[in-house]
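This briefing is meant for someone meeting the structure for the first time. Please keep the sequence and the view side by side while reading.

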Amino acid sequence: MTDPTSRPWRDLTDPRRAEATDRLEAGLKEPEFENLEIPEELGTVQVVIDDHKIKRYAFTHDDHSSWHLTGSPFEGKRIGHAALLGNDLVQLFTLVYAASQVVGYHTEEQMWFDSPAALDEVVTLHGTYTEAYRRRGEGYVVMEATATGEDGRSVVRHRGVEILKTTPGAIGGRGSALPERRVTGEVPKDARVVDTLGSDARVGDVLAPLHKTVTAEQAAVFSRVGEYVRNIHNDIDVARAGGLRVPIVQGQQQFGVLAQLLTLRSGPAFLTSGWLRVKFLAPLKVFEPFTSTGVITAVTPVDDGLRIDLEVWVRRDTDNRLITAGWAAATVPAS
């Protein structure tokens with residue numbers, strides 16, 4: 001975020017940024033449910049998709065695709081990762097609420113991918129809290145946000161649900177009420193495993209899995225450790241104060257892994273027609289290996305190709321537990 005008056009810690013060359021952050025947060029609201037004003041504008045900021053931003057994200061997700069580091073199918077330009085701006089959109093609330101006071105829990109994330117952002121493009125972000133409600137003793141808030149390119153086109157759209165302030169160790173693993181179409185993460189043993197979603201895609205095909213482990217360093221960088229923001233993802237003391245033994249991987253970071261999986265399997269089509277919605281069901285600790293995959297649930301001819309709908313999920317390898325589950329779609333060429 002490029003405005004130094006609104007985000008002094010974004011200037012990583014400024015040795016006074018920690019003091020500036022403390023001074024800025026002193027004027028922000030406490031992240032309490034009672035302080036919400038619905039609807040509540042969270043503001044507008046600009047983000048530069050520079051080399052550092054792309055490489056930092058590549059490190060946090062072990063996603064060093066040539067599209068991001070050398071050149072892509074989009075006019076040969078270097079582009080940002082599909083979910084590169086996801087955390088920036090989630091963090092828009094810190095324009096109004098003190099980030100270092102947050103001990104929240106991300107429960108649902110949804111993004112529409114309309115076009116990739118190019119290297120050195122200035123993207124405008126805008127967010128609003130649109131809804132708030134209580135459920136099972138917790139206060140939930142819904143954010144809707146957009147990222148718009150320099151030419152006015154939509155890059156991505158976001159809708160997220162978060163418990164604004166809670167004790168993560170007490171609710172982690174409690175599960176979440178899912179829509180009527182429950183994702184089980186089970187597939188037939190004889191299902192066809194596919195590396196690419198193309199014209200031969202058929203219902204029941206399973207995506208070739210993506211295996212990952214997020215280290216403490218990757219989780220910390222993704223969760224703003226370089227900006228002197230402390231949270232349950234980058235600080236062990238804050239994590240333990242929240243009832244956790246070690247830091248946990250941010251839900252948005254898991255979301256990025258699923259977006260990487262879908263980009264690998266769908267190709268460029270995911271960055272122009274993709275949709276991904278997930279529920280976070282249980283926490284993932286740093287250094288815990290996990291696997292993401294999905295299964296095709298529908299293949300529908302449309303004017304510009306084939307719309308492929310999927311169920312997607314993440315399982316912890318240590319106990320095979322389903323920790324993230326959701327739905328995705330992309331329109332791929334018919335031939």
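How much area does the chain expose, and what share of it do carbon and sulfur atoms supply? The chain exposes about 14,200 Å², and carbon and sulfur atoms supply 50% of that area. The model is a predicted one, and the points below go from the whole chain to single residues.

**The chain as a whole**

- The secondary structure of the chain comes to nine helices and twelve strands, and of its 335 residues 56% count as buried.
- Among the contacts in the chain with a separation of 6 or more, 73% are accounted for by residues that lie 24 or more positions apart.

**Nonpolar cores**

- In soluble globular proteins, nonpolar side chains tend to be buried together.
- The largest nonpolar core in this chain has 68 residues, of which F113, Y129, L276 and L310 touch the most other members.
- Helix 8 gives this core its largest share, which is six residues.
- A second core, separate from that one, has ten residues, including V183, L281, L322 and A329.

**Helix 2 against helix 8**

- Two packed helices are described by the angle between their axes and the distance between the axes.
- For helix 2 (residues 51-61) and helix 8 (residues 251-266), the packing angle is about 95° and the axes are 10 Å apart.
- Because angles of 65 to 115 degrees count as roughly perpendicular, helix 2 and helix 8 are described as roughly perpendicular to each other.
- On the side of helix 2 the residues that meet the partner are Y57, T60 and H61, and on the side of helix 8 they are Q253, G256, V257 and Q260.
- Sorted by class, this contact has two nonpolar residues, five polar residues and no charged residues.

**D62, in the loop after helix 2**

- D62 has its place in the loop between helix 2 and helix 3 (66-69), and with a relative accessibility of 42% D62 counts as partly exposed.
- Not counting residues up to four places away in sequence, D62 touches K212, Q218 and Q260, and the last of these, Q260, is also one of the helix 8 residues that helix 2 meets.
- Along the chain D62 and Q218 are 156 residues apart, while their C-alpha atoms are separated by 8.9 Å.

**E311, in strand 11**

- E311 lies in strand 11, which covers residues 305-316.
- With a relative accessible area of 14%, E311 is buried, because buried means under 20% relative accessible area.
- Once neighbours within four places in sequence are left aside, the residues in contact with E311 are R181, R182, V183, T293, G294, V295, T297, G326 and W327; one of them, V183, is also included in the second nonpolar core.

**Backbone details in three loops**

- I38 and P39 are joined by a cis peptide bond, with omega at about -5°, and P39 sits in the loop between helix 1 (17-25) and strand 1 (40-48).
- D120, found in the loop between strand 2 (105-113) and strand 3 (122-135), has a phi near 75°, which is a positive value in a residue other than glycine.
- N320 likewise has a positive phi, near 65°, and is a residue other than glycine; the place of N320 is in the loop between strand 11 and strand 12 (322-332).

Note on methods:
Residues are numbered from 1 along each chain as its sequence is written. This is a predicted model: local features need pLDDT of at least 70, side-chain atom pairs count only at pLDDT 80 or more; totals for chains, interfaces and linings use all residues. Side-chain values use heavy atoms; hydrogens and water are left out. Helices (H or I, at least four residues) and strands (E, at least two) are DSSP runs, numbered from the N terminus. Buried means under 20% relative accessible area, exposed over 50%, partly exposed in between (1.4 Å probe, protein chains only). Contact means heavy atoms within 4.5 Å. Accessible areas come from the Shrake-Rupley method with a 1.4 Å probe; for residues, only the protein chains shown count as cover. Axes are lines fitted to C-alpha atoms, for helices over the stretch in contact, and angles run from 0 to 180 degrees between N-to-C directions. Angles under 35 degrees count as roughly parallel, over 145 as roughly antiparallel, 65 to 115 as roughly perpendicular and the rest as oblique. Ala, Val, Leu, Ile, Met, Phe, Trp, Tyr, Cys and Pro count as nonpolar, Asp, Glu, Lys and Arg as charged, and the others, Gly among them, as polar. A nonpolar core is a set of buried Ala, Val, Leu, Ile, Met, Phe, Trp, Tyr and Cys residues joined through side-chain atoms within 4.5 Å.
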